Amino acid sequence: MGINLEKTKKFFMTAGKKIWEYTKIAKFELIVLFGALILDLLSKFIIAKTMSVGQTVVLIPNFLEFYYTINKKAAFGSSFGLENFLGIEGIRILFLIMTVIAVCVFCFFLYYFRGKHILARLSLALIISGALGNFYDRLFLKGVRDFVQIVFFGLDLPILGDSFAIFNVADMALVFGVIIFAVYFIFMYKTPKEEFAGPVQKFEDENGNYLTKAELEQIRESNAAALKEELQKPQDEVKEEAQKPQDEEVKEEKGTIR
């Protein structure tokens, strides 16, 4: 079974057009996504260049430290015991595959929520940027560069210990993204029927442009008025032609009377 080149070409052209149109209305979320991603990679680069693995720099005594480490497990150094079955390399490959799938899913949701509530778009952009930041490290460095460590004021707490798990900017983007999305979903999310009536909802017209409901109605009214005017022109011309003989007869009668 061969590949239909014409259909394939049409599919990619349509997809490219939709993506291009999407970028026109998605400036906010794209700025957040790439901004958080650049901040994550830049902070990791600076730490890797200025610190050695295992080195600690105290920023706020008994509270905030930079401790540079390479995490070969999941976020916050957890692996849920999978290293006993898959090994470290197996865990890396597993999380690479899971990240690709997750990013594709969240990109779909980001497109689905286009033009909708700002918190939904903000949260999804942060989640995608965090996933991509750690994906880069796992793919090219075979481990994630972590360096932020929060110390519990010198206390040794039950279960938690004396400090929180070491993390990075990508982890923060993921966590904040999930929290913001949870707040949005619980307190602000509306059903699709309700959201379509909202002022921020945008619709795609036959030309692939995204317009608000009011803009679409205005265009339709304008088109309807233009069509009505075009249809009215022939009728007016017919009336004028029919009126000419009558006007001439009236003139002739007036001339005769005189």
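**Figure 1. L64 stands opposite I150 in strand 3.** This view is taken from a predicted model. Strand 2 covers residues 64-71. Strand 2 and strand 3 pair in the antiparallel sense. Six bridges join the two strands. F66 faces a partner too: V148 of strand 3 stands opposite. T69 is set against D146 of strand 3. How much of strand 3 is buried? Six of its seven residues are, and strand 3 is mostly covered.

**Figure 2. Three strands form an open sheet in the order 1-2-3.** The pairing is antiparallel. Strand 1 (56-60) and strand 3 (144-150) stand at the edges. Each edge strand has a single partner, so one side of each is left without a neighbour in the sheet. From one strand to the next, the twist averages 30°.

**Figure 3. Strand 1 and strand 2 make a hairpin with three residues between the strands.** The two strands pair in the antiparallel sense over four bridges. On strand 1's side of the pairing, T56 stands opposite Y67 in strand 2. Which residue of the hairpin takes a positive phi? That residue is N62, with phi near 60°.

**Figure 4. N62 lies in the loop between strand 1 and strand 2.** Most residues other than glycine have a negative phi. N62 is not a glycine, yet its phi is positive, at about 60°. Is N62 buried or partly exposed? The relative accessible area of N62 is 44%, so N62 is partly exposed. The bounds that apply here are 20% and 50%.

**Figure 5. Helix 4 spans residues 118-140.** Helix 4 has 23 residues. How far does helix 4 reach from its first C-alpha to its last? The span is 33 Å, close to the 33 Å expected at 1.5 Å a residue. An α-helix has 3.6 residues a turn, so residues three or four places apart point the same way.

**Figure 6. K142 comes just after helix 4 and takes a positive phi.** The loop that holds K142 runs between helix 4 and strand 3. Phi of K142 is near 60°, and K142 is a residue other than glycine. K142 has a relative accessible area of 49%, so K142 counts as partly exposed. Exposed would need over 50%.

**Figure 7. A36 has its place in helix 2.** Is A36 buried or exposed? Its relative accessible area is 18%, so A36 is buried. The cut-off for buried is under 20%. Along the chain, A36 and G130 are 94 residues apart. Their C-alpha atoms are separated by 7.5 Å.

**Figure 8. The second largest pocket has a volume of about 260 Å³.** Rolling a probe the size of a water molecule over the atoms shows where empty space is left. Which elements give two or more residues to the lining of this pocket? They are helix 1 (5-25), helix 2 (27-50) and helix 3 (83-112). Helix 1 gives the most, with five residues.

**Figure 9. Residues from A15 to Y111 line the second largest pocket, including K18, I19, Y22 and T23.** Also in the lining are L30, L33, F34, C107 and L110. How do the lining residues divide into nonpolar, polar and charged? Nine are nonpolar, one is polar and one is charged. The charged one is K18, and the polar one is T23.

**Figure 10. The protein chain holds seven helices and five strands.** Read along the sequence, the pattern is α-α-β-β-α-α-β-α-α-β-β-α. The protein chain has 258 residues. What share of them counts as buried? The share is 29%. A36 is one of the buried residues, whereas N62 and K142 are partly exposed.

Methods
Residues numbered from 1 in each chain as written. Predicted model: local features only at pLDDT ≥ 70, side-chain atom pairs only at ≥ 80, totals over all residues. Heavy atoms only, no water. Pairing = 2+ DSSP bridges. Axes fitted to C-alpha atoms, helices over the stretch in contact; angles between N-to-C directions. Expected span 1.5 Å × (residues − 1). 1 Å grid on protein atoms, 1.4 Å probe; cavity = no way out; pocket = protein on both sides within 12 Å on 5 of 7 lines; lining within 4 Å. Points joined across faces, edges and corners; volume = space filled by probe spheres on them. Buried < 20%, exposed > 50% of the residue type's maximum accessible area, 1.4 Å probe, protein only.
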